[in-house]
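Here's a walk through this one, starting from a single side chain and working outwards. Keep the viewer open and follow along.

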Amino acid sequence: MSCFAVKDPTAVERANLLNMAKLSIKGLIESALSFGRTLDSDYPPLQQFFVVMEHCLKHGLKVRKSFLSYNKTIWGPLELVEKLYPEAEEIAASVRDLPGLKTPLGRARAWLRLALMQKKMADYLRCLIIQRDLLSEFYEYHALMMEEEGAVIVGLLVGLNVIDANLCVKGEDLDSQVGVIDFSMYLKSDDDIGGKERNVQIAAILDQKNYVEELNRQLNSTVSSLHARVDSLEKSNTKLIEEATKVDVEAELQTYKHSRQGLDEMYNEARRQLREESQLRQDMENELVVQVSMKHEIELAMKLLEKDIHEKQDTLIGLRQQLDEVKAINMEMYQKLQVSEDAMKEKNEIIGRLEDKTNQINAAMKQLEQRLQQAEKAQMEAEAEDEKLKQEYVNKSESLQKEFSQKEKQLLQLETDLKIEKEWRQTLEDDLQKEKETVSHLRIETQEIINLKKEFLKLQEKNKQLKRICQDQEAALQELASKLSESKLKIEDIKEANKALQGQVWLKDKEATHCKLCEKEFSLSKRKHHCRNCGEIFCNACSDNELPLPSSPKPVRVCDSCHAILIQRCSSNVP
């Protein structure tokens, strides 16, 4: 009896309710995870959880007196949530619109079920316990919701967010349900085979305790009803006293005394029963003292389990956060890797094209070298004009070789850049395994890729320019080749023309800078051509005619004016 006298009974009640809340939440989470699907209203651990939450919310609730009865319900503080948390307005409105709910307790039960389905019960109750000045209107100062135990329970409710529940609130009779905690669900232990008798004894003692508590509740209700009737009789007494001046006072007083005497007897009888029940409760407490050591062992085990659960929940939350971060990093890395791979493919394609073009240039250069050798042999036999053409051709070939060496240097630079890109790609694959250094490396590498893209764009522009130059040079070389092939014919034509046309003068290349006919200036692309008839120098457009001459039976190049004269002569000679 001494240990019970020292402890505060409200603190003991709070501790017991906290332990029951921990047990119910833990059992609900474990059974729901093993169950593996959505929970419904008939699931026993879920029903027990709502009963325990109802007891926790009822603890220390103030009794509000009305004119006819006493009002004690948890719907009042739960209605405050919609003012503190705007998202809870939908729940409160749906609870009020339910047609089958008639009592505030039924509305509160429906509110708890809807909050669990929304996975917002912890958030709603956290907003409620923060506002203690508002809660003080509904709860006593020693209530569970006003103390630290309420905050602990709200923290435990966060773990219920992993549970999916589908509860049909409309079909349930929430007004008339009896909220009795089933302790047998939490006292079962499959591992302790030898402790079955002890569990049976504890269950029996707990049943007796529940019976005593139920009797106490009934007695308290009868006492409260008697108090209410006494208050009503006192009110009626005051009214009767006021009316006694007009009515027979003695008769009314006698009836009042008789009724008061009967009420006093009922009150004395209720007090006697209350004393007997309190004595019985003390006896039961004496019996419970024997089981205190067992209860302490169970509490220690429950504390260890709670620590285990909290640690596992914290580690689970931490692992989930790390998993989300790793997923986000992996997605970023994968996207960047895809971008870099696409850039590498484009660069490889560009390099392949450049290699094909260099091969084509090499083949063209080989052909040009062969043509140069042939041209050199022909120039050895040609005159000073042919030597000048050879010198110009040699100069052009040297410029082409210089440009070719520049292209080779550019190719070497591209190959080195390709090696750098391959090494960079290898470093990318290695850096995928490092989580902390990836972000900085990838930023540097993306900047390098941007610079390389700019360089490749510059190279593409240079390549286009080189293409244009190569095309112009190829056209010039083709004309040179045709010129060299015609040089042999020129020599023979010149010899025969010297014999046939002794009076005509063969104009040298130095002396002509413009076409004699169209007067356009000669250039690398606009070549010089001798007319085999008159010996003057014309452009290709003004000397694009061929006719047989007396000096040459084969058709040779003549200018437009000579062509017209010769055609006219031929037509005049024809009979």
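Start with F49, which is buried at a relative accessible area of 0%. Since the cut-off for buried is under 20%, F49 clears it with nothing showing at all. Bear in mind that this is a predicted model, so everything here is computed from predicted coordinates.

Next to F49 in the chain sits F50, and F50 is buried too, with a relative accessible area of 5%. The rings of F49 and F50 make an aromatic pair: their centres are 5.5 Å apart and their planes meet at 55°, so the pair counts as tilted. F50 has another partner as well, because R113 lies over the face of its ring, at 4.3 Å from the ring centre, inside the 6 Å limit for a charge over a ring.

The structure holds three aromatic pairs. Another of them is W111 with Y124, again tilted, at 5.8 Å centre to centre and 45° between the planes. This pair links distant parts of the chain: W111 belongs to helix α7 and Y124 to helix α8, 13 residues apart. Both W111 and Y124 are buried. Add Y85 and you have one aromatic cluster made of Y85, W111 and Y124.

Now zoom out to the packing around these rings. The largest nonpolar core has 64 residues, and F49, W111, M121, Y139, L157 and L160 are the ones that touch the most other members. Several helices feed this core: α2 (9-35), α3 (44-58), α4 (75-79), α6 (89-97), α7 (104-118), α8 (121-130) and α10 each supply at least two residues. Which helix gives the most? That's α2, with nine residues.

Y139 is a good one to click on. Leaving out residues up to four places away in sequence, Y139 touches L57, H59, G60, L61, K62, P77, M145 and M146. Apart from this core lies another, of 16 residues, with L507, A512, L547 and L566 among them.

Helix α10 (residues 148-156) deserves a stop of its own, for G150. Is G150 buried or exposed? G150 is buried, with a relative accessible area of 2%. Beyond its sequence neighbours up to four places away, G150 touches I129 and L144. If you look at L17, 133 residues away along the chain, its C-alpha atom is separated from that of G150 by 9.9 Å.

Then jump to R557, in strand β6 (residues 552-558). R557 is an arginine that counts as buried, because its relative accessible area is 16% and the cut-off is under 20%. What does its side chain reach? It comes to 2.8 Å from the backbone oxygen of S543. The R557 side chain also makes a polar contact with the side chain of N540, at 3.3 Å.

Finally, the whole molecule. The protein has 17 helices and six strands. Of its 575 residues, 34% are buried. Among contacts with a separation of 6 or more, 68% are between residues 24 or more positions apart. The accessible surface comes to about 37000 Å², and carbon and sulfur atoms account for 53% of that.

How values were computed: Residues numbered from 1 in each chain as written. Predicted model: local features only at pLDDT ≥ 70, side-chain atom pairs only at ≥ 80, totals over all residues. Heavy atoms only, no water. Helix = DSSP H or I, 4+ residues; strand = E, 2+ residues; numbered from the N terminus. Buried < 20%, exposed > 50% of the residue type's maximum accessible area, 1.4 Å probe, protein only. Contact = heavy atoms within 4.5 Å. Polar contact = N/O pair within 3.5 Å; in protein donor to acceptor, adjacent residues only side chain to side chain. Core = buried A, V, L, I, M, F, W, Y, C linked by side-chain atoms within 4.5 Å. Areas by Shrake-Rupley, 256 points an atom, 1.4 Å probe, with all protein chains shown as cover. Phe/Tyr/Trp six-rings, centres within 6.5 Å; stacked < 30°, edge-to-face > 60°. Lys NZ or Arg CZ within 6 Å of the ring centre and 35° of its normal.
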